[in-house]
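Reader: Before we start, please show me the model and then justify the terms you use for it.

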Amino acid sequence: MFASSTQGVPEVQSVPRHIAIIMDGNGRWAKKRLLPRVAGHKRGLDAVRDTVKHCIDLGVGYLTLFAFSTENWRRPADEVNFLMELFFVALEREVERLHQSNIRLRVIGSRDRFSAAICQRIDAAEAKTAGNSGLVLTIAADYGGRWDVLQAVNRLHASGVTDIDEASLAANLSMAYAPEPDLFIRTGGEQRISNFLLWQLAYSELYFTDLLWPDFGKDALDVALASFRSRERRFGRTSEQLPQAHRRG
Ligand code: IPE
Ligand code: IPE
Ligand code: MG
């Protein structure tokens with residue numbers, strides 16, 4: 001188990017152990033170029049590759065990408081179908097590259113609404129990379145923070161636990177294998193959580209950029225990391241209580 005930001009004080013490091021990203025702005029990127037929205041989703045995959053590579057170079061341990069929310073099913077059927085197809089193809093096409101890079105792939109979210117074919121590919125990709133010891137890349141697909149908390153509570157309930165505490169709840173969240181994100185990034189200019197990791201973002205540093213996701217990459221990540229390093233992470237304490245090296249200003 002990793003240190004909880006509310007039950008203890010996590011270790012503060014200059015490189016985040018865990019970065020969680022809402023990859024937003026694909027549709028607007030395409031619209032600006034008079035292209036169909038789906039062209040933006042396609043280009044978004046290039047930004048994913050760049051970001052993954054840079055995280056490995058930096059020594060980030062966990063990268064979590066929000067790819068499809070529980071509310072994204074509300075989009076027009078054509079767009080949803082395209083996103084499903086893109087996910088299906090990417091799972092097949094990218095997995096060898098991920099494996100070569102020693103990446104462990106994990107997919108979190110409800111599988112109830114995915115086709116059997118997509119579920120099989122998710123299982124195969126996770127199984128193929130399960131023994132890898134490098135970056136843990138989590139794709140949140142059909143994921144919602146509320147869904148996650150509820151499935152954890154229901155799991156505890158089903159196993160007869162009545163006295164739920166923070167530790168037991170956290171241990172049943174779908175990303176119990178990762179520390180809480182140190183840094184949350186949202187591209188696309190909106191400043192909201194949109195039902196991403198509600199529980200785990202309790203003490204994450206939040207970073208918002210107007211860049212649209214397909215325009216995000218190595219340099220943009222470096223800017224986000226510079227902002228991260230400038231933050232004073234107090235976890236409820238006063239500045240004076242922090243080790244000198246962690247004080248800012
Ligand atoms: C994010 O880009 C990708 C998904 C939600 C799947 P959007 O498709 O939300 O792009 P905008 O926000 O409409 O520009
Ligand atoms: C959040 O983006 C979800 C993903 C990037 C997968 P949205 O575009 O769906 O968020 P809202 O609707 O603007 O809040
Ligand atoms: Mg959006």
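Author: The space taken by ligand 1 is the largest pocket. The model is a predicted one.

Reader: What makes the space taken by ligand 1 a pocket?

Author: A pocket is an open set of grid points with protein on both sides within 12 Å along at least five of seven lines. The space of ligand 1 is classed as a pocket, the largest, and the space taken by ligand 2 is given as the largest pocket as well.

Reader: How do you know that D24 has a polar contact with ligand 1?

Author: The cut-off for a pair of N or O atoms is 3.5 Å. An N or O atom in the side chain of D24 is 2.8 Å from an oxygen atom of ligand 1, so the pair counts as a polar contact. The side chain of R37 also has an N or O atom 2.8 Å from an oxygen atom of ligand 1. For N26 a polar backbone atom is involved, 3.1 Å from an oxygen atom of the ligand. The protein covers 87% of the 380 Å² of accessible area that ligand 1 has on its own.

Reader: Which residues come nearest to ligand 1, and which helix gives the most to its shell?

Author: D24, G27, R28, R37 and R75 come nearest, out of 13 residues around the ligand. Helix α1 gives the most, with 3 residues. At least two residues each come from α1 (26–32), α2 (37–58) and α3 (77–100). By class, the shell has 3 nonpolar, 5 polar and 5 charged residues.

Reader: What makes the pair between S194 and ligand 2 a polar contact?

Author: An N or O atom in the side chain of S194 is 2.6 Å from an oxygen atom of ligand 2, and the limit is 3.5 Å, so the pair qualifies. R192 places a polar side-chain atom 2.8 Å from an oxygen atom of ligand 2, and for the side chain of R186 the distance is 3.2 Å. The protein covers 78% of the 390 Å² of accessible area that ligand 2 has on its own. Strand β2 (residues 62–69) gives the most to this shell, with 4 residues. The shell of ligand 2 divides into 5 nonpolar, 3 polar and 4 charged residues.

Reader: Why is I103 called buried?

Author: Buried means under 20% relative accessible area. I103 has 1%, so the residue is buried. I103 is found in the loop between α3 and β3 (104–108).

Note on methods. Residues are numbered from 1 along each chain as its sequence is written. Chains are lettered from A and ligands numbered from 1 in the order in which they are written. This is a predicted model: local features need pLDDT of at least 70, side-chain atom pairs count only at pLDDT 80 or more; totals for chains, interfaces and linings use all residues. Side-chain values use heavy atoms; hydrogens and water are left out. A residue is near a molecule or strand if one of its heavy atoms lies within 4 Å of it. A polar contact is a pair of N or O atoms within 3.5 Å; within protein, one must be able to donate a hydrogen and the other to accept it, and residues adjacent in sequence count only if both atoms are side-chain atoms. Accessible areas come from the Shrake-Rupley method with a 1.4 Å probe; for residues, only the protein chains shown count as cover. On a 1 Å grid over the protein atoms alone, a cavity is a set of points where a 1.4 Å probe fits but cannot get out, and a pocket is an open set with protein on both sides within 12 Å along at least five of seven lines; lining residues have an atom within 4 Å of a point. A molecule sits in a cavity or pocket if more than half of its atoms lie within 2 Å of its grid points. Ala, Val, Leu, Ile, Met, Phe, Trp, Tyr, Cys and Pro count as nonpolar, Asp, Glu, Lys and Arg as charged, and the others, Gly among them, as polar. Buried means under 20% relative accessible area, exposed over 50%, partly exposed in between (1.4 Å probe, protein chains only).
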